[in-house]
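Colleague: Before I use this model at the bench, I would like to know what stands behind the labels on it. Please take me through them one at a time.

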Amino acid sequence: MDKLFFGGALRSLVTIKHDKAKIDNYVSRLHYEVTVTILLVSSLMISATQFFGEPISCIQKDDISAKTLNTFCWIESTFTLPKAFNKKVGVEVAYPGVAKHEPGDEVKEHAYYQWVCFVLFLQALLFYVPRFIWRGFEKGKVKSMLLDLSKPILSEEERTKNISKLGTYFITRKGRHWNYALKYILCEVLNFVNVISQIYLVDRFLGYEFTTFGSDVVRFTGTDPENRLDPMVRVFPRMTKCDFYRYGSSGDVQKHDALCLIPLNILNEKIYVFMWFWFVILAVLSGLALVYRTMVFLSPRVRYYLIFILDRLSSPQRLNTVLSHMSYGDWFLLQQVGHNIDSRNFRDLLAELENEMTSHFAYIKEHDPRSTVDF
């Protein structure tokens, strides 16, 4: 059984692969690691209850079998009556939203619960899309540039040779990494757009009840339940009504008004309350990440301090020499490398870049008196 259900193909589908090289930030990882995991686990929980448990139980009447009634009401959906939401339970109604259905009454259909597990799985895929796109853009670039410099223990000869190779690459490819950096910014924008879009997707899916769902639940916990309708009951009712029609013995159409218990909604409401708070937090963090990226893009001083954080022992003169001759794309790639290699090796790389740049631009200035290169 383990080999059947947890074989290579399925494991590769549900397991988040971790790259040896870090190619994105923590906010991005919240999208494709934490959020995808939460949504997949939630989808599996709902699926287990929905397909292998008893997601709905309707009160049978006359000679209608319980299995037939449950299957019909699950497939055709159930409903509640908005007019009965605020009436007193046990006196006026049997349950919030459950009352006698008369012609002309407004009806609120509940068919979403059939699709919850599929929608959660679709959401997980959508949250992984920006990561998938970025990996396609990145193509293992940072990983190929590490040259074993991520290892703290390396022979001096090999370490010096690899640092020299890396320094030469940055010098010869200077100014050619704009596309690399802009593609990453695009994926950060996609993360933000995706989480905002998902909030409205879920809102549409739940009948426009999701955007205020979490705040309504918090507000409800601070009030007297006797005087206020629980928003979780309104969105995810545990008891609903279902109309079943059949032919009687005389050939007339008979209507059976059934009450249905939906224990699955106990789980659904908890998942979506948590999802509301998580999506709000994720949207705020994603928005802040874009603000941060804008500041870094526009401010060379911010870029200076971010490299300084990676290597506090390099002199300000060295950092200024290196960064003053780097475009944003070059700086971004340098930071990516700095996050992945050993701190001592990164310090030596900055020293190598300083020497290479000093020699390179001194040569240009010597052979071209009109050059405006300055240090």
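Modeller: The model is predicted. The second largest pocket holds about 390 Å³ of space, and 16 residues line this pocket, with D24, N25, Y26, Y292 and H339 nearest its centre. Helix α11 gives the largest share of the lining, four residues.

Colleague: What makes R131 and D24 a salt bridge?

Modeller: Their side chains meet at 2.8 Å, N to O. The cut-off is within 4 Å, so the pair counts as a salt bridge.

Colleague: What does that pair tie together?

Modeller: R131 lies in helix α5 and D24 in the loop between α2 and α3, so the bridge ties together parts that are 107 residues apart in sequence.

Colleague: Why is D24 called buried?

Modeller: D24 has 9% relative accessibility. Buried means under 20%, so D24 counts as buried. R131, with a relative accessible area of 5%, is buried by the same cut-off.

Colleague: How do you know whether R347 is buried or partly exposed?

Modeller: R347 is at 23% relative accessibility. Buried needs under 20% and exposed needs over 50%, so R347 is partly exposed. Its salt-bridge partner D311 is buried, with a relative accessible area of 2%.

Colleague: What makes F121 eligible for a nonpolar surface patch?

Modeller: F121 has a relative accessible area of 34%. Patch residues need over 30%, so F121 passes that cut-off. The patch, about 450 Å², is made by F121, L122, L125, L126, V129 and L201, and helix α5 supplies the largest share, five residues.

Definitions and conventions
Residues numbered from 1 in each chain as written. Predicted model: local features only at pLDDT ≥ 70, side-chain atom pairs only at ≥ 80, totals over all residues. Heavy atoms only, no water. 1 Å grid on protein atoms, 1.4 Å probe; cavity = no way out; pocket = protein on both sides within 12 Å on 5 of 7 lines; lining within 4 Å. Points joined across faces, edges and corners; volume = space filled by probe spheres on them. Helix = DSSP H or I, 4+ residues; strand = E, 2+ residues; numbered from the N terminus. Patch = residues over 30% accessible without salt bridge, like charges linked within 9 Å, V, L, I, M, F, W, Y side chains within 5 Å. Areas by Shrake-Rupley, 256 points an atom, 1.4 Å probe, with all protein chains shown as cover. Buried < 20%, exposed > 50% of the residue type's maximum accessible area, 1.4 Å probe, protein only.
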